[in-house]
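Here are some friendly notes to help you find your way around this structure. Keep the 3D view open while you read, and take the points in order.

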Amino acid sequence: MTTQHVHVQGLEKSYKELRVLRGVDLDVARGSIFALLGANGAGKTTLVNILSTLLKPDAGTATVAGFDVATQAAEVRASISLTGQFAAVDEILTGRENLILVARLRRVKDPGTIADALLARFHLVDAATRRVATYSGGERRRLDIAMSLIGNPPVIFLDEPTTGLDPQGRIEVWTSVKELASQGTTVLLTTQYLDEAEHLADRIAILHQGRIIADGTLAELKQLLPPATVEYVEKQPTLEDVFLAIVGDNGNDGDAPPETPASAPTRKDQR
């Protein structure tokens with residue numbers, strides 16, 4: 001059994017005179033989180049669409065879960081799930097009804113049990129009977145990811161999963177993605193957020209102007225930089241430190257003010 005769940009070699013794609021992918025090579029290990037990092041227009045979505053058989057490459061080869069995307073498209077589709085940049089949920093239905101609908105469409109046995117298990121897994125039990133129109137951005141995205149897991153696909157593609165979310169929503173999605181990988185799902189996600197790739201990925205590739213210009217673990221990528229000059233600089237709290245200190249780790253909207261964490265800087269510390 002191969003350790004690579006996604007293998008791409010020499011992939012090319014053009015739209016008339018615009019060359020979007022110019023010979024992309026990458027490998028995604030089974031059960032890992034692989035982040036494809038790049039600016040808007042770098043070709044991230046095009047690559048994901050090819051891997052999910054929505055587009056045909058002009059040149060090169062790609063396999064997903066051992067199946068060729070060009071000659072075994074049906075097998076690839078049965079092995080993957082794709083979550084796009086915008087949550088594909090029905091706002092009229094409740095969260096549970098959305099999950100049951102997808103389970104029935106995929107002809108999964110006992111859709112109600114499957115829905116309840118996913119609601120618990122993605123911490124949506126309290127929101128299960130509410131219409132999705134009332135959901136926060138983070139809840140919608142978590143429901144969207146939960147829907148994509150019905151049928152237990154071994155590979156999931158997440159195309160910029162936190163675009164447009166507030167900080168708390170992003171953290172919720174990050175937690176869900178980590179849980180996916182911990183249970184054996186292979187995750188390839190695209191992002192333009194450096195902190196997202198740093199926080200989630202076992203391996204990171206940087207796609208720039210249609211080519212992979214760097215590929216490795218975070219530690220390996222850091223070695224590409226020249227040694228830093230060591231100077232003493234008093235550490236100041238980051239925006240994330242301030243946000244989590246105010247709202248707490250779970251973001252509850254209680255009336256009581258949050259306790260000051262032991263690590264939070266005092267006025268005296270910041271002088």
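1. A good place to begin is the open sheet, where four strands line up in the order β2-β1-β4-β5 with antiparallel pairing. Its edge strands are β2 (18–29) and β5 (67–68), each of which pairs on one side only. Please keep in mind that this is a predicted model. For general background, strands of a sheet pair through backbone hydrogen bonds, either parallel or antiparallel.

2. Now follow the sheet to its β5 edge. Strand β4 (residues 59–64) and β5 run antiparallel and are joined by two bridges. To find the spot on screen, look for V64, which stands opposite F67 in β5.

3. Next comes the helix that goes with this sheet. Helix α1 lies across β1 (4–15), β2 and β4. Relative to β1, α1 runs at about 120°.

4. One residue of that helix deserves a closer look. T46 sits in α1, which covers residues 44–51. Is T46 buried or exposed? Its relative accessibility is 11%, and because buried means under 20%, T46 counts as buried. Leaving aside residues up to four places away in sequence, T46 touches K13, Y15, V20, L21 and L55.

5. Strand β3 (residues 33–37) is a second place to look for burial. How many of the residues of β3 are buried? The count is five of five, so the strand is described as mostly covered. The cover is on both faces: I33, A35 and L37 are buried on one side, and F34 and L36 are buried on the other.

6. Which strands does β3 pair with? One is strand β8 (residues 186–191), paired with β3 in the parallel sense over five bridges. Another is strand β9 (residues 203–208), also in the parallel sense, over four bridges. Two residue pairs make handy landmarks here: I33 has V187 of β8 as its bridge partner, while A35 stands opposite I204 in β9.

7. Turning to helix packing, consider helix α3 (residues 95–105) and helix α4 (residues 111–121). Their axes come within 9 Å and cross at roughly 130°, which makes α3 oblique to α4. The crossing is right-handed. On the α3 side the contact is made by R96, L99, I100, A103 and R104, and on the α4 side by P111, G112, A115, D116, L118 and L119. Sorted by class, this contact has seven nonpolar, one polar and three charged residues.

8. The last pair is helix α5 (residues 137–148) with helix α6 (residues 167–182). These helices pack at an angle of about 20°, with their axes 8 Å apart. Why is α5 called roughly parallel to α6? The reason is the angle of about 20°, because angles under 35 degrees count as roughly parallel. The helix α5 passes α6 in a right-handed crossing.

9. It is worth selecting the residues where α5 and α6 touch. From α5, G138, E139, R141, R142 and I145 take part, and they meet G169, E172, V173, S176 and L180 in α6. By class, the contact of α5 with α6 has three nonpolar, three polar and four charged residues.

Notes
Residues numbered from 1 in each chain as written. Predicted model: local features only at pLDDT ≥ 70, side-chain atom pairs only at ≥ 80, totals over all residues. Heavy atoms only, no water. Axes fitted to C-alpha atoms, helices over the stretch in contact; angles between N-to-C directions. Left-handed = near helix turned anticlockwise from the far one by under 90°. Contact = heavy atoms within 4.5 Å. Nonpolar A, V, L, I, M, F, W, Y, C, P; charged D, E, K, R; others polar. Buried < 20%, exposed > 50% of the residue type's maximum accessible area, 1.4 Å probe, protein only. Pairing = 2+ DSSP bridges. Parallel < 35°, antiparallel > 145°, perpendicular 65-115°, else oblique.
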